[in-house]
Amino acid sequence: MPIRDSTRLRLLDAADELLFTRGVSATPVDRVLERAGVSPATLYRAYGSKEGLVAAALDRRHQEWLAAWDEAIARAPDDRARLLAVFDVLEDFRMGPERARWCAFLGTAAEYADPPPVLAAALRQESASMRQRLTELASPVVGARAPALAEALTLVVSGQLAMRLRDGRARPAVARAVAEALVDHPEALA
């Protein structure tokens, strides 16, 4: 029997709300089922496993993030601003409704030393798209140094997200200042 879209949405909403705020390992699947108002059989028919549900929730989060980032890029007046748009949208995205304390992808990766294949694929996809997008945006700004700059900016983004766990302060102005210095002096990445 096919799963209704509304049931899938309830499962994804429950996963997003619980797993990415309390932790994947710390949240029993029964709690997700209770929150979604579905049976275990429904979860397993829809996603195959708790990890399959987590991967689907990560994929949805990734699509939402890319859409928000696209909007910030579209508002940017020039190539440099388009490259730095990731920092414009980062805090706004986190402050949206029912967002996690920090990055759902970093949180999930931190919980699994050796993630199951379905989760590993979701985590790889997000990392690869971040690097690819930053490389494409950096190319008109720094030319051949774009891959190195994209890697450095990925590190700055990840660091800003991780700082939310240390003392609750993400320091977006500091992260942006570091990013701007890297963009303005890409030769430092040699």
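These questions and answers concern helix packing in a predicted model.

Reader: How are H1 and H4 oriented to each other, parallel or perpendicular?
Author: Helix H1 covers residues 5–22 and helix H4 residues 50–75, and their axes lie 9 Å apart. The packing angle is about 90°. Angles of 65 to 115 degrees count as roughly perpendicular. H1 and H4 are therefore roughly perpendicular.

Reader: How many residues in the contact of H1 with H4 are nonpolar?
Author: On the H1 side the contact includes Leu9, Leu12, Asp13 and Phe20, and on the H4 side Leu53, Val54, Arg60 and Arg61 are among the residues met. Five residues of this contact are charged and no residue is polar. The nonpolar residues number 11.

Reader: What is the distance between the end C-alpha atoms of H7?
Author: Helix H7 runs over residues 117–142, 26 residues in total. At 1.5 Å a residue it should span 38 Å. The distance in the model agrees with that expectation, at 36 Å.

Reader: Which helices do the buried residues of H7 pack against?
Author: Among the buried residues of H7 are Leu119, Leu123, Met130, Leu134 and Val142, along with the charged Glu126 and Arg133. These buried residues of H7 pack against H4, H5, H6, H8 and H9.

Reader: Which residue just after H7 takes a positive phi?
Author: H7 ends at residue 142. Just after the helix, phi is about 60° at Gly143.

Reader: What covers the buried residues of H8?
Author: H8 has 22 residues and reaches 32 Å from its first C-alpha to its last. Its buried residues include Leu149, Leu153, Val157 and Arg164. Their cover includes H5, H6, H7 and H9.

Notes
Residues numbered from 1 in each chain as written. Predicted model: local features only at pLDDT ≥ 70, side-chain atom pairs only at ≥ 80, totals over all residues. Heavy atoms only, no water. Axes fitted to C-alpha atoms, helices over the stretch in contact; angles between N-to-C directions. Helix = DSSP H or I, 4+ residues; strand = E, 2+ residues; numbered from the N terminus. Parallel < 35°, antiparallel > 145°, perpendicular 65-115°, else oblique. Contact = heavy atoms within 4.5 Å. Expected span 1.5 Å × (residues − 1). Buried < 20%, exposed > 50% of the residue type's maximum accessible area, 1.4 Å probe, protein only.
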